[in-house]
Amino acid sequence: MKQFTSKELRKSWLEFYKERGHVDVGAVSLVSDGSTGVLFNVAGMQPLMPYLLGQKHPLGTRLCNVQGCVRTNDIDSVGDKSHVTFFEMMGSWSLGDYFKEERCKWSYELLTQVYGFDRDHLAATVFAGDENAPRDEEGAQCRINSGFKKENIYYLPAEDNWWGLEYGPCGPDSEMFYIADVPDCGPNCGPGCSCGKYTELGNDVFMQYEKHKDGHLTPLEHKNVDTGWGLERNLAFLNGTKDVYKTDLFSSVIAYVEQTSGASYDADDEKTRSMRIMADHMRTSVMLIGDPAKLTPSNGGAGYVLRRLIRRAVRHGRMLGLAKDNLLKIATVYIDEVYADSYPNLVKNREFILKELDKEITRFEATLENGMKEFKKILEDKKAAGAKEIDGKSAFYLYDTFGFPMELTVEMAAEDGMTVDEKGFAAAMEGQKQMARENANFSQKAVAVNIYEDLDEKIVSEFIGYDCLQAEDTVLALANKEALVSTLAEGEEGTLIVSKTPFYATMGGQKGDIGSITTDTGVFYVDEAIKLPGGRIGHVGKVASGTIQVGAKAALSVCDKNRAATCKNHSATHLLQAALQEVLGEGVEQQGSYQDSARTRFDFSYGQAMTAEQIAKVEEIVNAKIAEALDVRTDVMTIEEAKKTGAMALFGEKYGETVRVVSMGDFSKELCGGTHVKNTGDIANFKILAESGVAAGVRRIEAITGANVIAHFAIMEEELNAAAAAAKTTPADLVKKIEAMQKQIKELSSEVESLKAKAAKDALGDVMDQVKEVKSVKLLATSVSGVDMNGLRELGDQLKEKLGEGVVVLVSDNDGKVNLIAMATEGAMAKGAHAGNLIKGIAALVGGGGGGRPNMAQAGGKNPAGIDAAIAECVKVLESQIAG
């Protein structure tokens, strides 16, 4: 094999194919245009899909390039030797031009003549055939004709050697491998085996069939070839390593990190992992910001992925002792040295890249600082309560409110001898996701929309309910949950369609109207009006009495109380957004909303939890605007006219040619198709019930208006009276009574702790005669029954003081569980003693785990029968730590 630099490898690939009539089509943006449903270009062939599917390429039928790609689906695997989030694919294509014979010949020439692989170490796989397509004997023979040994051709099934979409062009593929000089791992050892003997080098896809919607295949008139080789993987392999971070793509960055941090690559697993993650994520971030799309960090889509990458890089940089300036220096290494020639956009956009990175790193460092302070508060509270674990809700609060990574919470808790309820964290996270799912599709009425495909396309619906709540029309269509029907009987659920309706359909965050539809033969109660395909509005509900028939004259009546309450909540939401921008800044943007008759829910972009003062100020502003009794005006205009007025629009929302602009005095102006009050005074009052996080950088406010506020305070008063009665005082004196009770509880708790400490000391007795000397370090390892972790800590401090210099290990069985604690003095640590590693070395013997700092560590277990063995093991573990 020949050795290559990354620049030489790119150049050799392009020159090889240009010599064979290919045109270098260049690389496109890393950010996908959205046509493929993914955020980034994830494969070299992705930008060429229209041409592989039949469209003619303006540059001809033989193409090649080196295309940057971004994949983050396996981001948790980054940190090993091979995984990266940005990678380059060296590609070549035949669009109805050459096929298998030439393709196999050129792949073999590239492998042997350009890259220097010898024939004996090359293998290839081909499609083994199945019930849909025959075995690819042509591909196998072409490989042999090109120079591959027959015994090194392997037939593999479709999951390994077939490419295709749901339908359209498809066909067998053939992968090429290097065979290492190591024995087979077993009788089935071959390409694809995880033992490491076979390393994939490249892949040729032969698109020779068309798959039809019914699943059968027919030969394509114009056959295509797609060839892809990963640059990073091949660069590493050609230079004698399987570690991509040892190639020139990363080596200068790794060298800088070693120099700056004092850590050595490959010397420590955790630090090496952090080096790789930081180096990879900074590289991808530089590429995305410097891309022609000029991606910037945000709270959604591709921008959110970028934000996550930068923040992970910061966190792992901090683990290595790297500050913001160090990370920015690493960015300049990628811009000015590693990719200056291959990606000139990076040099062109250098200042923009560094500015965006600086802003995002500064923002996250502030977030981390706030999170650290909050973590310390939680930790102190847990310790004061005698807890051994940080609960999942608290860990999620740190993550959700401060962007504090879960891994960091676990790590810092362990340093203080505590664990984290990771299952509880996962449950809280799932709860948030469920909330987001509900918010994404808040209509609870499930309707099979395919039912309406056979409906006459002339049947459409017009909403006429901005100014009226009643109308008369004809029933044009009915459906139950399975099909279109002509009649719905009493008790039957279904959907009713008319041409003109006063019922507002669920849309834009506002829940659809409820009400009734009456005909001569029956009454239909509407639970919700919803949008249906084809410009129709469906009235979803149940026949309350009689029957409802297609063609019947119907009187439609919207529930006025429900509509009025919903309007109050929707109009209050507009006031709320304007108030938030006034208090928190113009950067606040709507991320989602929901209004029904009971409440309003508003999601907005903001990087941290609001303070109590900010919430109170926002509430005060909204109520002030309600009290001002501002007229609410709606104007219909073109989208361009609306933009000129300065009206706020929801980012990403698609608007028609004409829009409704809702204004509330000079305070609020938004594009909105919902229903509203006539005057802000109609809202009456506004109360914020909760402020919380729903995603990183997205906050949520839940609030109520009108009569719901009065009802809320009535409930609060009732609960206050009940609490006062339980405390045997009056509502006016309740705070004083609670303070007195808390003082009494604290005093009693202190007394209990003192009694427990005395009992633990008595139970332990005089154990100083159990002290052993391990390589000149004194060790006291003993057990005591029925003592919790707080008690063990106190006993440990006392014994450490008596010991003078040395190591103390205490183990206790308490309610069927085991508590362990280890402490090491300064003198013992100087000789190599490490309490955290000592605990790790013995905890498994009592069925547990744990760790901590060099001077103090603790653990829990569930096997009291192993206590004696754990104490005996202390000597061996400590011996291994002490030098000499």
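**Entry 1: strand E3**

I started at one residue pair: Cys 64 stands opposite Ser 92 in E3. A reminder to myself before going on: this is a predicted model.

Next I looked up the strands involved. E2 covers residues 62-70, and E2 pairs with E3 in the antiparallel sense over nine bridges. I then turned to the pairing of E3 with E9, the strand at residues 217-230. Seven bridges join these two, and they too run antiparallel. Here I noted Gly 91, which stands opposite Gly 228 in E9.

Are the residues of E3 buried or exposed? I found 10 of the 10 residues of E3 (86-95) buried, so I wrote the strand down as mostly covered. I checked each face in turn. On one side sit Phe 86, Glu 88, Met 90, Ser 92 and Ser 94, and these are all buried. On the other side I listed Phe 87, Met 89, Gly 91, Trp 93 and Leu 95, again all buried. Both faces of E3 are thus covered.

**Entry 2: helices H3 and H4**

I moved on to a helix pair. H3 spans residues 100-114 and H4 spans residues 137-146; they pack at about 40 degrees, with axes 8 Å apart. The two helices are therefore oblique to each other. I logged the crossing of H3 and H4 as right-handed.

Which residues make the contact? From H3 I noted Lys 100, Glu 101, Cys 104, Lys 105, Ser 107 and Tyr 108. From H4 I noted Glu 138, Gly 139, Cys 142, Arg 143, Asn 145 and Ser 146. Sorted by character, the residues of this contact come to three nonpolar, four polar and five charged.

**Entry 3: helices H9 and H12**

I then looked at H9 (residues 301-319) and H12 (residues 350-384). They pack at an angle of about 60 degrees, and their axes are 10 Å apart. H9 and H12 are therefore oblique to each other. I found the crossing of H9 over H12 to be right-handed.

On the H9 side I listed Arg 307, Ile 310, Arg 311, Val 314, Arg 315 and Arg 318. They meet Leu 357, Glu 360, Ile 361, Arg 363, Phe 364, Glu 365, Leu 368 and Glu 369 in H12. How do the residues of this contact divide? I counted six nonpolar, no polar and eight charged.

**Entry 4: a six-stranded sheet**

I followed an open sheet of six strands in the order E30-E31-E32-E33-E35-E34, with mixed pairing. Its edge strands are E30 (772-774) and E34 (849-852), each of which pairs on one side only. Neighbouring strands are turned by 20 degrees against each other on average, direction ignored.

Within this sheet I picked out E31 (residues 777-783) and E32 (residues 807-814), which run parallel and are joined by five bridges. Leu 779 has Val 807 in E32 as its bridge partner.

What lies across these strands? I found H24 (residues 867-881) lying across E30, E31, E32 and E33 (817-824), and running at about 170 degrees to E31.

**Entry 5: the whole chain**

To close, I stepped back to the protein chain. I noted 24 helices and 35 strands. Its C-alpha atoms fill a box of roughly 95 × 90 × 55 Å along the principal axes. Of the 884 residues, 49% count as buried. I also looked up the contacts with a separation of 6 or more: residues 24 or more positions apart account for 68% of them.

Methods. Residues are numbered from 1 along each chain as its sequence is written. This is a predicted model: local features need pLDDT of at least 70, side-chain atom pairs count only at pLDDT 80 or more; totals for chains, interfaces and linings use all residues. Side-chain values use heavy atoms; hydrogens and water are left out. Axes are lines fitted to C-alpha atoms, for helices over the stretch in contact, and angles run from 0 to 180 degrees between N-to-C directions. Helices (H or I, at least four residues) and strands (E, at least two) are DSSP runs, numbered from the N terminus. Angles under 35 degrees count as roughly parallel, over 145 as roughly antiparallel, 65 to 115 as roughly perpendicular and the rest as oblique. A crossing is left-handed if the near helix is turned anticlockwise from the far one by less than a right angle, and right-handed if clockwise. Contact means heavy atoms within 4.5 Å. Ala, Val, Leu, Ile, Met, Phe, Trp, Tyr, Cys and Pro count as nonpolar, Asp, Glu, Lys and Arg as charged, and the others, Gly among them, as polar. Buried means under 20% relative accessible area, exposed over 50%, partly exposed in between (1.4 Å probe, protein chains only). Two strands pair if DSSP finds at least two bridges between them.
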